[in-house]
Amino acid sequence: MKDKLGGFGGLIKGLDGLMPQDSNTTDNGAPKPRASVNKSANKNIKDLRAQAHELYAHIGQMVVEQNGPDGFGDVSQQLQQVLTQIQNEESKIREAEQAKMREQQAQQGITCPNCGTLNAPGVNFCQECGSKLAVPSKTVCPQCGQESPPNTRFCGSCGTKLSG
């Protein structure tokens, strides 16, 4: 069978000798009970398989970084799809964080440009000096974050009643 990892396949086999070996005796030299040996051996096998999986992943990443993703067929396409999905999910998180920040800013009210007083949301004139406050150009839906024109009563995206 051809080594698809360009010689790295033998590296993993060579690492087996470097792994700690489980002893069949207790600390005082007495033989371990068979059930204990099997349980310990099964745990070691599970741990070693996890380490081998991590090493294979690391080697695969190094090979792709050195040689590019071409030549791995469907696996390359699947990897690209997963990376695209990761980017999409990260974008959703950023958008949700931005919508939350806009909502928090809208709930805090409007700062008067003349005297700097923070006024309650929905107030058109400063409660301290009487100056006209800038009317927000858009309303943000508290449910989905969709922006709507001023004086819109319901969100066009999700139907939530908008304040104002």
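In the predicted model, the largest nonpolar core is made up of five residues, namely I110, C112, V123, C126 and L133. Within this set, V123 is in contact with I110 and with L133 when neighbours up to four places away in sequence are left aside. In soluble globular proteins, nonpolar side chains tend to be buried together.

Nonpolar side chains are also found on the surface. L79, V82, L83 and I86 form a nonpolar patch there, and together these residues have about 310 Å² of accessible area. One of them, L83, is located in helix 3, which spans residues 74–108. The relative accessible area of L83 is 39%, a value that places the residue in the partly exposed class. Because a residue must have over 30% relative accessible area to be counted in a patch, L83 at 39% meets that requirement.

Helix 3 also contains S76. In contrast to the partly exposed L83, S76 is buried, with a relative accessibility of 18%. This classification follows because the limit for a buried residue is under 20% relative accessible area. Apart from residues up to four places away in sequence, S76 touches P69 and D70.

Two salt bridges are present in the structure. One of them joins D47 to K43, with a distance of 2.7 Å between the closest N and O atoms. Both residues belong to helix 2 (residues 34–67), and since they are four residues apart, about one helical turn separates D47 from K43. The two partners fall into separate accessibility classes: D47 is partly exposed, at 34% relative accessible area, whereas K43 is exposed, at 51%. The assignment of K43 rests on the limit for exposed residues, which is over 50%.

A salt bridge is also formed between the side chains of K92 and E89, with an N to O distance of 3.3 Å. K92 and E89 are both part of helix 3, where a spacing of three residues puts them about one turn of the helix apart. E89 has a relative accessibility of 43% and is therefore partly exposed. Helix 3 thus holds this K92 and E89 pair, the buried S76 and the partly exposed patch residue L83.

Methods:
Residues are numbered from 1 along each chain as its sequence is written. This is a predicted model: local features need pLDDT of at least 70, side-chain atom pairs count only at pLDDT 80 or more; totals for chains, interfaces and linings use all residues. Side-chain values use heavy atoms; hydrogens and water are left out. Patches are made of residues with over 30% relative accessible area and no salt bridge: like charges are joined within 9 Å, nonpolar side chains (Val, Leu, Ile, Met, Phe, Trp, Tyr) within 5 Å. Accessible areas come from the Shrake-Rupley method with a 1.4 Å probe; for residues, only the protein chains shown count as cover. A salt bridge is a side-chain nitrogen of Lys or Arg within 4 Å of a carboxyl oxygen of Asp or Glu. Helices (H or I, at least four residues) and strands (E, at least two) are DSSP runs, numbered from the N terminus. Buried means under 20% relative accessible area, exposed over 50%, partly exposed in between (1.4 Å probe, protein chains only). A nonpolar core is a set of buried Ala, Val, Leu, Ile, Met, Phe, Trp, Tyr and Cys residues joined through side-chain atoms within 4.5 Å. Contact means heavy atoms within 4.5 Å.
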